[in-house]
Amino acid sequence: MIVSRLRPGEDLKKGIENIASEGNLKSGVLLCIVGSLNKAVLRMSNENKMVLDGPFEIVSAEGTVSPDGIHVHLAVSDHEGRVFGGHLMKGCEIYTTAEICILKVPKKLKRIFDSETGYKELLID
């Protein structure tokens, strides 16, 4: 398992990618992220991008990690407890911290383009 921490001002998506790269992680499952964001950038299911100014608490995060990319879904809550969620995009700026736990998995995970969906999708070797 990889346990790491991102600091204020860092980009959450880029930080997860760096953690995986620096840890020489071939395949993993993102178990959790505990922390907060100044700004959240999320892609919705209709492909629209939502940019929200915080601060926010990270209340849920899960996904897969491979050398070909990460796929993370993120939920954040504002100061009134309203929750917003979607696909993690670059631009999510850490407010105070992001404590990240990634479980290494023995199967080889890859992301390859799927012409049916138009996205890089998970392939398990």
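**Ser 27 and helix H1, question by question**

Reader: The side chain of Ser 27 reaches the backbone oxygen of Lys 107. What makes that a polar contact?

Author: This is a predicted model, to begin with. In it, the side chain of Ser 27 comes to 3.0 Å from that backbone oxygen of Lys 107. The cut-off for a pair of N or O atoms is 3.5 Å, so the pair qualifies. The Ser 27 side chain also reaches the backbone nitrogen of Leu 109, at 2.7 Å.

Reader: Why is Ser 27 called buried?

Author: Its relative accessibility is 2%, and buried means under 20%, so Ser 27 counts as buried. As for its place in the chain, Ser 27 sits in the loop between helix H1 (12-22) and strand E2 (28-43). Beyond its neighbours within four places in sequence, its contacts include Val 65, Leu 103 and Val 105.

Reader: How do you know that the buried residues of H1 are on the same side?

Author: Those residues are Leu 12, Lys 13, Gly 15, Ile 16, Ile 19 and Ala 20. Around the axis they cover an arc of only 165 degrees, which puts them on the same side of H1. It helps to recall that an α-helix has 3.6 residues a turn, so residues three or four places apart point the same way. The face turned away from the buried side of H1 carries the exposed residues Ser 21 and Glu 22.

Reader: What do the buried residues of H1 pack against?

Author: They pack against E1, E2, E3, E4, strand E5 (83-88) and E6. Take Ile 16: leaving out neighbours within four places in sequence, its contacts include Leu 6, Ile 33, Leu 88 and Ile 102. Ile 16 is also one of the residues that touch the most other members of the largest nonpolar core, which has 29 residues. E2 gives the most to this core, with six residues.

Reader: What makes Asp 11 a cap for H1?

Author: One of its side-chain oxygens lies 3.1 Å from the backbone nitrogen of Lys 13, at the N-terminal end of H1. That is within the 3.5 Å cut-off, so the pair fits as a polar contact. After H1 comes Asn 24, with a positive phi near 50 degrees.

Reader: And the whole chain, with its one helix and eight strands: why is it called as compact as a globular protein of that length?

Author: Its radius of gyration is 14 Å, close to the 14 Å that the globule rule gives for 125 residues, so the description holds. Buried residues make up 38% of the chain.

Key:
Residues are numbered from 1 along each chain as its sequence is written. This is a predicted model: local features need pLDDT of at least 70, side-chain atom pairs count only at pLDDT 80 or more; totals for chains, interfaces and linings use all residues. Side-chain values use heavy atoms; hydrogens and water are left out. Helices (H or I, at least four residues) and strands (E, at least two) are DSSP runs, numbered from the N terminus. Buried means under 20% relative accessible area, exposed over 50%, partly exposed in between (1.4 Å probe, protein chains only). A polar contact is a pair of N or O atoms within 3.5 Å; within protein, one must be able to donate a hydrogen and the other to accept it, and residues adjacent in sequence count only if both atoms are side-chain atoms. Contact means heavy atoms within 4.5 Å. A nonpolar core is a set of buried Ala, Val, Leu, Ile, Met, Phe, Trp, Tyr and Cys residues joined through side-chain atoms within 4.5 Å. The arc is that of the directions from the helix axis to the C-beta atoms. The radius of gyration is taken over C-alpha atoms; the globule rule is 2.2 Å times the number of residues to the power 0.38.
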